[in-house]
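Subject: Structure handover

Hello,

Here is the structure I promised. Please look it over, then read my notes below.

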Amino acid sequence: MKRTMMSLIGATVALAAVTGVAAVAAPDSGGQAAPGSGSRKPVQRSSLLCPAPTSSEVGETTYTAFAPKGAAAGADAKKGTAQLLPAGTVEESGDTGGNKKGGKDSKGGKGSGDAGSEADAARLRTVPPRDKKPVVPLQEAGKPVTTKTDSADAPALVGTADGTLAPGWTVQQTTSVAAGSGRGLLGLSCAAPDTTFWFPGVSTHRDRQDYVHLTNPDSTQAVVDLELHGKDGPLETPGGEDITVPPHTTVPVLLSTLTGSPTTNAALHVVAREGRVGASVQAGDAKLGSDWLPAAADPAPEAVLPGIPADATSVRLIAVAPGEADADLKVQLDTPTGPIVPAGLETLHLKAGMTTAVDLKDLTKGEAGSLVLTPADGASKAPIAVAVRVTRGKGAKQEMAFISSTRPVDKRATAADNRAKGSTLSLVAPDKGKDAKVKVTASAGSGGGTPVSKTYTVKGGTTLAVAPPRPQGLKGSYALTVEPQPGSGPVHAARTLAQPQGGIPAFTVQPMPDDRGSVVVPTAGQDLSLLTD
């Protein structure tokens, strides 16, 4: 082993990279923990990326931005700014702008060194945004700001927040499409840029049109590889290699163009080999409508999927073991009264590098629940990434949404764009015997209203699904924050928004992972030595 010394600056940069933010506060005497343990500080800068919402002529998108009040308190807290700006797009050189997807086989140009790079460069062009006006600029914490667009070519958005608005800055993108192949309620929490993402649940079958949107927030190009894993392992995806995403630009890629092997249940792995990107998958089904498929939590031996609705008529679990070892898992559904084992699914075996799908039918049977997957032997370290496709309704009036595994709420999680009706908050305490206690706060409304807080206790091994508190005198939409209280056991959260469309039970589910609005900064006297192989 070798011993590598890191400076305090290097340590804070590393911490910032891990948490997906660009900077952290320097340590000072206030709020300092015991010697050598570091102190928790609010982040000073956050980045978010929102994909282009829809190409439908009958779609309407609402953007809602919010930052929790008091998240960056202190005499030295800098007044913040937060805003999103339109990104450019990559299109076929013959496209006049009407096809924002960039053609059926849309993908970015090849990276340097590829034999086809010159031909791709000639075929594709980068189109700057038509309008550079900021979207949902946030001026104060504690009150959401909203804006709407019905444009069929609304662009992707790239933005940052700093100062008092950086910790917990959240932007929700909600699109309602009333008719057509993309109909449904599509919801997405705009994501932070990263270098790797897993999306179990994608499809390249002819009944689905799944696009991955790659957005580059930086001033240098990013180079991305797209890998698909099916039931027999990795699929041949020559079209997914060396995709160039120009600076401040988005590239949508139709997944069915990457492979000649149509696959119903697959997992997509997005890897940025140069730079970083935001990645989001928009899934469209000919019969079940459309929604965004959120990225799964980083692969780990355990997975928790909160927020499966009580009236789900069909649940399909899709899981992948991305490592080199097989995974044997215990599967349980945490219901309002305790954990149960789904019929016929006492254990689930995942082969390394392969994707497995299991139809769980009407799993919840009238009671909201959350899926919890743990190693069957209690000791396996094989990582997994998991999602479920949930369907509500019957016959021609069905609607689908996706729930991906999500990390627990450590300090705080936020869901923006809650309405006067239609919101359900799901909380699960996955560890039996470890109850969770959380404070849920409904913010002021975007048009007015007084915040309201309520405390909930979730018994270990159960799911609590409730209509969340609403602000007094609510006008407009509002945000929900979930904060575990001292002594609480682990808790995971999700928010469901239901907005029926002409008899179709349109809905969308957003996981609520910890917002990583703070990091632990080493103290001045701390040993910053790192041991590496």
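First, a term: on a 1 Å grid over the protein atoms alone, a pocket is an open set of points where a 1.4 Å probe fits, with protein on both sides within 12 Å along at least five of seven lines; lining residues have an atom within 4 Å of a point. Points are joined across faces, edges and corners, and a volume is the space filled by probe spheres set on them.

This is a predicted model: local features need pLDDT of at least 70, side-chain atom pairs count only at pLDDT 80 or more, and totals for chains, interfaces and linings use all residues. Residues are numbered from 1 along each chain as its sequence is written, and side-chain values use heavy atoms, without hydrogens or water.

**The pocket**

The second largest pocket holds about 630 Å³ of space. It has 30 lining residues, and Pro86, Asp131, Asp153, Ala154 and Pro155 are the closest to its centre. The lining counts 14 nonpolar (Ala, Val, Leu, Ile, Met, Phe, Trp, Tyr, Cys, Pro), 8 charged (Asp, Glu, Lys, Arg) and 8 polar residues (the others, Gly among them). Strand S10 gives the most to this lining, with 3 residues. Strands here are DSSP runs of E, at least two residues, numbered from the N terminus.

**The disulfide**

There is 1 disulfide (cysteine sulfur atoms within 2.5 Å). It joins Cys50 to Cys190, S to S 2.0 Å. Cys50 sits in strand S3 and Cys190 in the loop between strands S13 and S14, 140 residues apart. Cys50 is buried (under 20% relative accessible area, 1.4 Å probe, protein chains only), at 1%. Cys190 is buried too, at 7%.

Best wishes

Methods:
Helix = DSSP H or I, 4+ residues; strand = E, 2+ residues; numbered from the N terminus. Buried < 20%, exposed > 50% of the residue type's maximum accessible area, 1.4 Å probe, protein only.
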